[in-house]
Amino acid sequence: MNITAGKFKGQKIIAPDEKITRPTLSKVRMSIFNMLQAMIDFEGASFLDMYAGSGIMALEAVSRGFSKAVAIEKHPKVVQVIKNNYKKFQNAPELITGDSLKVTEKMNEKFDVIYIDPPYFAGIYEKSLSAIKDISGGIVILEHVNTVELSGYELIKQKKYGDKYITFIHPTDYSNS
């Protein structure tokens, strides 16, 4: 897998075992960050990847100019792959090992962008949205195949790639002023 743009463009990272993770395709990553760039200024912004998998989304964020990126992953083998990948980069994202739902509920800093891409059929999208309600400082991006109940959030934009959707939302009380 390669980083698609920014200061780390073209850098290769190792993807974890595909039986454990499902890395976001490069064309989808490019599209997500291009749409996001039209919505916010990356400089000074923070990015949280709740279900890191390969860790590439947080790397893409740092590469493209986000000031801070945090990745959360609980699978020990996957965490080791991410650690090895992040060692190659100066200003690499912070990696937190643990259950995303528990970790985010204990966080007290807000993130400008939160990316949520858990295992598709784990049934935890709504729990994830609930867990981040106090730390979402703006845009939440979901990668999903089934309908997700967006209670407390408003739809900004949605795009379909094959069988998956990329959905941009923000908390209903969000003001971008």
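This report walks through the nonpolar cores, the aromatic pairs and two individual residues of a predicted model.

## The main core

Start with the largest nonpolar core, which has 33 residues. If you want to know who does most of the touching inside this core, look at I32, F33, L36, F47, F66 and I141, the residues with the most contacts there. Helices and strands both chip in: α1 (26–37), α2 (56–63) and α3 (76–86) each supply at least two residues, and so do β2 (68–73), β4 (111–116), β5 (136–144) and β7 (164–171). The top contributor is α2, which gives 6 residues to this core.

I32 is a handy spot to look around from. Setting aside residues up to four places away in sequence, I32 touches M57, Y115, I141, I166 and F168. One of those partners, I141, is also on the list of residues with the most contacts inside the core.

## A separate core

There's another core, lying apart from the largest one. This other core has 25 residues, including L48, Y51, I132 and V145.

## Aromatic pairs

On to the rings. The model has 6 aromatic pairs. Take F33 and F42: their ring centres are 6.3 Å apart and their planes sit at 85 degrees, so this pair counts as edge-to-face. Neither ring belongs to an exposed residue, as F33 and F42 are both buried.

The pair is part of something wider, too: F33 and F42 join F47 and F66 in one aromatic cluster. Three names here should ring a bell, since F33, F47 and F66 are also listed among the residues with the most contacts in the largest core.

## I156, on strand β6

I156 sits in strand β6, which spans residues 153–161. Is I156 buried, exposed or partly exposed? Its relative accessibility is 35%, so I156 counts as partly exposed.

Leaving out neighbours within four places in sequence, I156 is in contact with M39, I139, F168, I169 and H170. F168 turns up again here, having already appeared as a residue that I32 touches. As for I114, 42 residues separate I114 from I156 in sequence, and the C-alpha to C-alpha distance between them is 14 Å.

## S100, on helix α4

S100 lies in helix α4, residues 100–106. With a relative accessibility of 5%, S100 counts as buried.

Which residues does S100 contact, once neighbours within four places in sequence are left aside? They are M50, Y51 and I72. Y51 is a link back to the 25-residue core, being among its members.

Notes. Residues are numbered from 1 along each chain as its sequence is written. This is a predicted model: local features need pLDDT of at least 70, side-chain atom pairs count only at pLDDT 80 or more; totals for chains, interfaces and linings use all residues. Side-chain values use heavy atoms; hydrogens and water are left out. A nonpolar core is a set of buried Ala, Val, Leu, Ile, Met, Phe, Trp, Tyr and Cys residues joined through side-chain atoms within 4.5 Å. Buried means under 20% relative accessible area, exposed over 50%, partly exposed in between (1.4 Å probe, protein chains only). Helices (H or I, at least four residues) and strands (E, at least two) are DSSP runs, numbered from the N terminus. Contact means heavy atoms within 4.5 Å. Rings of Phe, Tyr and Trp (its six-membered ring) pair if their centres lie within 6.5 Å; planes under 30 degrees apart count as stacked, over 60 as edge-to-face and the rest as tilted.
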